[in-house]
Amino acid sequence: MTTIKTALIFVALGATAAVSAPAAAQEPVVAAADPEALFTDPNPTLNANKQAVLHILRELLQCNHWDEADKYLTERYLQHNPNVTSGRANVVKYFGPPPRTPSCGKLTMPVVTVLTSGNIVGIVFRAEYDDPRKPGAKYTSISYDQWRIVDGRADEHWDTSTLDPPKK
């Protein structure tokens, strides 16, 4: 009985110390060295869905080939980003027309992992932010985007975006 009481006291003291101790520094979020390797799957349907999202990220968002948006987005493309109205034409208008990248090589976005469930493909990105507690310092966290793929193109999109500031 004494051994059990002693063990419980140590557990209680350890729990109290863990709660009252200052938080230790986080482990930094690390992106994959080869993000494109994450967009494959042995299941042919999941592989095709991942490849559709890879093209959206690389050709549209990274390389600005918005003139090819009809290859990757349905016309009705439902948008759950608070800054962009649904519909492919509205998305193209929002993002375009930035200068088109002449050649579009490998995806360079900081992808941490790619998740799939049926026709849903989710991407976890490494994000870096200014540390409000330490001026000049940064910390890492994640951002998340998710697409619903229909017939090889994105038909719906969700992300962690917040409202853009007003344009001046």
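Select helix 2, residues 44–62. At 1.5 Å a residue, its 19 residues should span 27 Å, and the end C-alpha atoms lie 25 Å apart, which agrees. The expected span is 1.5 Å times one less than the number of residues. Helices (H or I, at least four residues) and strands (E, at least two) are DSSP runs, numbered from the N terminus.

This is a predicted model: local features need pLDDT of at least 70, side-chain atom pairs count only at pLDDT 80 or more, and totals for chains, interfaces and linings use all residues. Residues are numbered from 1 along each chain as its sequence is written, and side-chain values use heavy atoms, with hydrogens and water left out.

Go to the start of helix 2. A side-chain oxygen of Asn-43 comes within 2.8 Å of the backbone nitrogen of Thr-45. Now jump just past the helix: Asn-64 has a positive phi of about 60°.

Next, colour the buried residues of helix 2 (under 20% relative accessible area, 1.4 Å probe, protein chains only). Among them are Leu-46, Val-53, Ile-56 and Leu-60. Their cover includes helix 3 (69–72), strand 1 (73–79) and strand 3 (120–130); contact means heavy atoms within 4.5 Å.

Show the sheet. It is open, with 5 strands in the order 1-5-4-3-2 and mixed pairing. Two strands pair if DSSP finds at least two bridges between them. Strand 1 and strand 2 are the edges, each with a single partner strand, so one side of each has no neighbour in the sheet.

Zoom in on strand 3 and strand 4. They run antiparallel, joined by 11 bridges. Tyr-129 stands opposite Tyr-139 in strand 4.

Technical notes: Buried < 20%, exposed > 50% of the residue type's maximum accessible area, 1.4 Å probe, protein only. Polar contact = N/O pair within 3.5 Å; in protein donor to acceptor, adjacent residues only side chain to side chain.
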